[in-house]
Amino acid sequence: MGAETPTNRGADAGRGGGLLQFALHVLKGRWFTVFATFLIMAGAGATYLFGVYSKQIKSTLGYDQTTLNLMGFFKDLGANVGVLSGLVAEVTPTWFVLLLGSALNFTGYFMIWLAVTGRIAKPKVWQMCLYICVGANSQNFANTGALVTCIQNFPESRGAMMGLLKGFTGLSGAILTEIYLAVYGEDATALILLIAWLPAALSVVFIFNIRKLKAERQPNETRVFYHFLYISIGLAIFIMLMNIIQKKVEFNHTAYALSATVICALLFLPLFIVIREELHIWNSKINPPIPIENPIEPKISIEESKEIKNNPDPKPYPPPPSCFSSICSKPARGDDYTILQALLSIDMMVLFIATFCGLGTSLTAVDNLGQIGESLGYPLKTVKSFVSLVSIWNYFGRVFSGFVSETLLAKFKFPRPLMMTLVLLLSCIGQLLIAFPIPGSVYIASIIIGFSFGAQLPLLFAIISELFGLKYFSTLFNCGQIASPLGSYILNVKVAGMMYDAEALKQLKEMGMDRAAVKELTCIGKRCYRKSFTLMAIVTFVGALVSLVLVMRTREFYRGDIYKRFREEVKQETSAGEAAAVESK
């Protein structure tokens with residue numbers, strides 16, 4: 001063996017230094033931002049697990065269904081009223097938004113866990129509502145800090161990006177359920193502790209990786225997103241298989257641990273795609289391609305470069321107005337609206353009504369799944385399967401509406417609002433299956449409602465970004481979903497909850513008992529949700545009809561090239577950069 005020479009040591013040091021520089025390049029890269037956002041979104045769907053641990057809250061604190069549904073409303077209120085996170089994002093850096101969100105997440109859910117486990121004195125109802133509202137509101141900070149930043153980094157692939165990110169959020173309920181079973185076993189109260197610390201930890205770990213970058217289309221961008229999609233579909237299928245197997249076979253702690261390990265491995269699989277893409281970018285920087293002169297486009301002279309630098313666009317877009325100005329003089333669809341211009345527009349009002357009907361009824365179904373299963377005589381293990389089915393098909397709905405709507409829009413100019421109409425009509429079927437149950441119908445209803453619920457959110461966010469621009473998107477998309485908790489309060493608390501309690505009291509009266517005789521008010525039978533979910537189906541159908549109004553109003557807009565503006569802006573920036581480079585020579 002030859003002796004080690006200074007040259008060998010220098011080469012090794014060079015290789016080590018190169019690897020370190022490449023690692024830093026990956027961590028700062030655009031694609032690593034996407035991967036970090038995937039993980040944050042995979043932990044940001046704790047609100048969908050309310051149906052799993054709500055039974056523990058109801059039994060340990062002695063709540064009736066109306067009180068439990070009131071907590072469900074405040075959960076939905078916190079999860080959907082994200083105006084605060086949007087406004088915070090307008091004036092603070094992304095890392096602060098994520099840090100504040102992680103603090104809210106831990107505080108809210110940790111207090112609920114302390115109350116349910118009896119480690120603190122029994123809180124008043126308004127305190128429990130406050131805790132769950134604060135915990136659920138943290139998901140808006142994750143959405144605003146991570147999701148909005150990714151949409152701004154990839155504006156021409158917003159449909160696919162929206163579907164992927166919201167898809168991971170939809171899967172997060174099932175992911176967190178598998179992890180809690182592996183770590184804590186069957187103790188459902190421990191699930192509350194898990195959703196207190198794990199999502200908060202994910203936001204803190206990637207706090208400096210999520211940041212806004214210059215919007216520019218990446219090479220093979222669509223292909224990369226489809227690779228991410230295939231991995232996420234594999235993850236969803238594996239979780240669905242585990243859900244089926246766990247219903248048939250009794251899992252021990254080791255089996256749950258193996259299942260959770262595979263899920264975590266699949267969650268980190270996109271990192272290899274990220275490294276591959278960042279390696280291509282790294283190599284292109286080290287060995288840039290030799291530019292080939294285009295005979296059609298003459299080289300820029302020094303005089304022309306000065307003119308381009310001074311006036312890079314002879315017909316520039318007018319500068320966007322201030323945030324709250326020019327309310328009456330609205331710009332064309334697709335340009336940057338101010339906040340008040342967008343909120344007071346007819347398009348936003350139509351979206352508000354459709355969202356009230358669609359998401360309001362879907363949230364009512366999701367929040368009552370536990371009690372629906374109980375009323376029809378399903379065991380707790382099966383009820384957990386319903387929740388997992390909703391979470392998994394929530395994912396499929398999100399990626400379907402994101403990727404399919406993007407493809408249909410690009411190839412056939414198929415407007416996204418029309419897809420929202422079709423999704424709401426599908427949701428009606430799921431509501432009717434709960435209102436008039438037959439054996440096994442709740443499984444089908446869970447799939448339909450999970451799919452339609454998931455499909456609505458990417459469509460809503462994409463439509464808002466397309467109609468009103470990206471300048472104030474962090475605030476507008478949070479404003480756009482305010483209709484969801486309002487619909488949840490009226491339809492869940494005031495309709496479904498009160499009708500359930502009325503039917504339960506009627507059953508108590510038939511048995512010769514009154515409310516004081518029982519700690520927990522429970523209704524058993526098909527009649528418990530028949531009237532309320534018949535009404536839900538009617539409301540959802542009305543929402544579908546309202547969304548058709550938006551289809552008619554925006555049909556001409558969607559027939560055009562809605563992303564043309566972003567390509568022109570990138571081209572202008574590139575021309576200005578080339579002009580500056582020529583002048584410097």
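**Exercise 1.** In this predicted model, classify R333 as buried, partly exposed or exposed, then do the same for its salt-bridge partner.

*Solution.* Step 1: the relative accessible area of R333 is 28%. Buried requires a value under 20% and exposed one over 50%, so R333 is partly exposed. Step 2: the salt-bridge partner of R333 is D347, with 2.7 Å between the closest N and O atoms. Step 3: R333 sits in the loop between helix 13 (302-310) and helix 14 (339-343), and D347 in helix 15 (residues 346-367), so the salt bridge ties together parts 14 residues apart in sequence. Step 4: D347 has a relative accessible area of 4% and is therefore buried.

**Exercise 2.** Find the salt-bridge partner of K55 and state how many residues separate the two.

*Solution.* Step 1: the side chain of K55 meets that of E374, at 2.5 Å from N to O. Step 2: K55 belongs to helix 3 (residues 50-61) and E374 to helix 16 (residues 369-375); 319 residues separate them, and the pair links distant parts of the chain. Step 3: K55 has a relative accessible area of 25%, so this residue is partly exposed.

**Exercise 3.** Locate the salt bridge between E503 and K506 and classify E503 and K506 by accessibility.

*Solution.* Step 1: the N to O distance is 3.8 Å, and the cut-off is 4 Å. Step 2: helix 21 (residues 483-510) holds both residues, which are 3 residues apart, about one turn of the helix. Step 3: E503, at 9% relative accessibility, is buried, whereas K506, at 40%, is partly exposed.

Conventions
Residues are numbered from 1 along each chain as its sequence is written. This is a predicted model: local features need pLDDT of at least 70, side-chain atom pairs count only at pLDDT 80 or more; totals for chains, interfaces and linings use all residues. Side-chain values use heavy atoms; hydrogens and water are left out. Helices (H or I, at least four residues) and strands (E, at least two) are DSSP runs, numbered from the N terminus. Buried means under 20% relative accessible area, exposed over 50%, partly exposed in between (1.4 Å probe, protein chains only).
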